[in-house]
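Colleague: I would like to learn how to read a model of this kind, one feature at a time. Could we take each general idea first and then turn to the case at hand?

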Amino acid sequence: MHLPSIKSVKLTTALIATLFSCNAFTKPYIPSDDSVVASSSSLITAKLSLDEINSFVVNSQYVGQTERLQGMLKTRLATLYKQNPTPQVGYLYARVLQKEHLFNEAINVANQVLAIEPNHSNSHLLLANIYMTKGRFIEAKQQCVALIGLVSITTTSTCVLDVQSQHDDLLQSYQSLKKITQNKDISLATTHVLSEMSYRLNNYDAAFAYIQDIDLRKAPVSLIVLWADIQLELNNDQQLLDTLGELLTDNNNLEDAILLRLAIAEKKLNNSDKKWQTMMKSRVDLRELRQDTFHASDLAKYYIAVQPNGQKALYWANINWQQAKMSADEQLIIQAKAMQRDTL
């Protein structure tokens with residue numbers, strides 16, 4: 001069953017922005033002795049410096065970290081932005097708002113940043129990603145074009161072609177990006193986009209070839225999810241279980257998207273041990289109890305691939321479509337409707 005990777009698509013352009021952050025590849029932040037961190041690891045002190053907050057925001061793309069400090073980061077950055085709306089504070093605040101799918105608020109803040117600093121490349125990239133997610137492809141492309149002269153030609157081209165691939169000609173976009181990057185050293189972000197495009201073209205071997213040497217322990221969650229989706233299509237289910245199951249010591253902190261892929265692989269292997277399926281069911285029960293629209297795509301996929309239920313799959317796919325309108329989001333709707341037709 002073809003399962004589009006929504007997170008891997010949504011975050012490709014955001015990844016480019018991350019690569020241009022000054023602390024993009026720093027090690028996970030370790031608080032100083034006088035920093036106060038609650039034992040639950042869910043709170044950070046209001047005394048954190050802006051550089052320390054930046055480190056937390058950057059680290060939030062990695063496994064086990066994506067939601068750990070989200071609430072406190074948003075609260076702290078909202079306060080800082082109200083007190084002193086500098087471009088750096090505004091950009092970080094917009095990124096945190098984006099993560100909660102508060103897209104309109106994030107757009108407003110990012111545009112305010114650009115009103116102060118029109119050449120703020122990270123904000124252009126962030127806006128391109130948000131507009132692309134919302135299906136506003138013309139505006140997304142305009143943000144990419146605004147990067148000309150601010151970042152490398154490869155980065156600008158990656159941004160433009162990533163957007164174009166979502167609403168125009170995927171194959172042509174892929175071939176153009178492949179030609180532009182031929183015989184060049186390319187960033188992790190561009191590698192990610194090339195792999196994801198190959199995946200959507202159903203060329204799973206090529207998709208895997210782009211990212212096969214990446215250390216998943218140091219990769220963003222979006223790239224780990226793409227890697228997992230490729231393994232599922234290549235029927236490397238045991239490899240997926242062996243690799244992703246060891247990413248964290250405490251598997252309760254695995255992101256929904258990663259836990260979902262583990263559950264799918266386990267079900268495909270028809271193992272008597274249903275460890276990951278049981279864990280994912282508990283997570284789904286919790287999300288449904290909270291009516292958690294933030295994880296709507298994962299819930300839709302769960303009811304497509306793990307616990308087939310056409311009615312629930314379509315319900316969550318429609319919820320997801322209200323937030324995100326890219327090709328992968330449309331595929332969820334198509335798959336869910338197909339399930340319902342098959343049960344008639």
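Colleague: Which residues in the largest nonpolar core touch the most other members?

Modeller: Please keep in mind throughout that this is a predicted model. As a general idea, nonpolar side chains in soluble globular proteins tend to be buried together. Here the largest nonpolar core holds 50 residues, and those that touch the most other members are Ile224, Leu240, Leu244, Ile258, Leu262 and Trp276. Two or more residues come from each of several elements, among them helix 12 (204-211), helix 14 (237-244), helix 17 (296-305) and helix 19 (327-342), while helix 13 gives the most, with nine residues.

Colleague: What is Leu262 in contact with, leaving aside its neighbours within four places in sequence?

Modeller: With those neighbours set aside, Leu262 is in contact with Leu240, Leu241, Leu244, Gly245, Leu254 and Trp276. There is also a second, separate core of 38 residues, which includes Leu48, Ala94, Ile130 and Met132.

Colleague: How should I read a single helix, and which residues of helix 4 are buried?

Modeller: The general idea is that an α-helix has 3.6 residues a turn, so residues three or four places apart point the same way. In helix 4 the buried residues are Gln70, Leu73, Arg76, Leu77, Leu80 and Tyr81. Because these cover an arc of only 135° around the axis, they are on the same side of helix 4. On the other side of helix 4, Lys82 and Gln83 are exposed. The buried residues of helix 4 pack against helix 3 (50-59), helix 5 (87-99) and helix 6 (103-116).

Colleague: How far apart are the end C-alpha atoms of helix 4, and what span should its residues have?

Modeller: Helix 4 has 14 residues (70-83), which at 1.5 Å a residue should span 20 Å, and its end C-alpha atoms are 20 Å apart, so the two values agree.

Colleague: Turning to charged side chains, how many salt bridges does the count come to?

Modeller: The count comes to 12 salt bridges. In one of them, the side chains of Lys74 and Glu100 meet at 2.8 Å, N to O. Lys74 lies in helix 4 and Glu100 in the loop between helix 5 and helix 6, so this pair ties together parts that are 26 residues apart in sequence. Lys74 counts as partly exposed because its relative accessibility is 24%, and Glu100 counts as partly exposed at 26%.

Colleague: Are Asp256 and Arg287, which also form a salt bridge, buried or exposed?

Modeller: Asp256 is buried, and Arg287 is buried as well. The closest N and O atoms of this salt bridge are 2.8 Å apart. Asp256 lies in helix 15 and Arg287 in helix 16, so the pair ties together parts that are 31 residues apart in sequence. Salt bridges that share partners join Asp256, Arg283, Arg287 and Asp292 into one network.

Colleague: Where does Glu288 lie, and why does Glu288 count as buried or exposed?

Modeller: Glu288 lies in helix 16 (residues 275-289). Its relative accessible area is 18%, so Glu288 counts as buried, the cut-off for buried being under 20%. The side chain of Glu288 makes a polar contact with the side chain of Tyr303 at 3.0 Å. Not counting residues up to four places away in sequence, Glu288 touches Leu299, Tyr303, Lys312 and Trp316.

Technical notes: Residues are numbered from 1 along each chain as its sequence is written. This is a predicted model: local features need pLDDT of at least 70, side-chain atom pairs count only at pLDDT 80 or more; totals for chains, interfaces and linings use all residues. Side-chain values use heavy atoms; hydrogens and water are left out. Helices (H or I, at least four residues) and strands (E, at least two) are DSSP runs, numbered from the N terminus. The expected span of a helix is 1.5 Å times one less than its number of residues. Buried means under 20% relative accessible area, exposed over 50%, partly exposed in between (1.4 Å probe, protein chains only). The arc is that of the directions from the helix axis to the C-beta atoms. Contact means heavy atoms within 4.5 Å. A polar contact is a pair of N or O atoms within 3.5 Å; within protein, one must be able to donate a hydrogen and the other to accept it, and residues adjacent in sequence count only if both atoms are side-chain atoms. A nonpolar core is a set of buried Ala, Val, Leu, Ile, Met, Phe, Trp, Tyr and Cys residues joined through side-chain atoms within 4.5 Å. A salt bridge is a side-chain nitrogen of Lys or Arg within 4 Å of a carboxyl oxygen of Asp or Glu.
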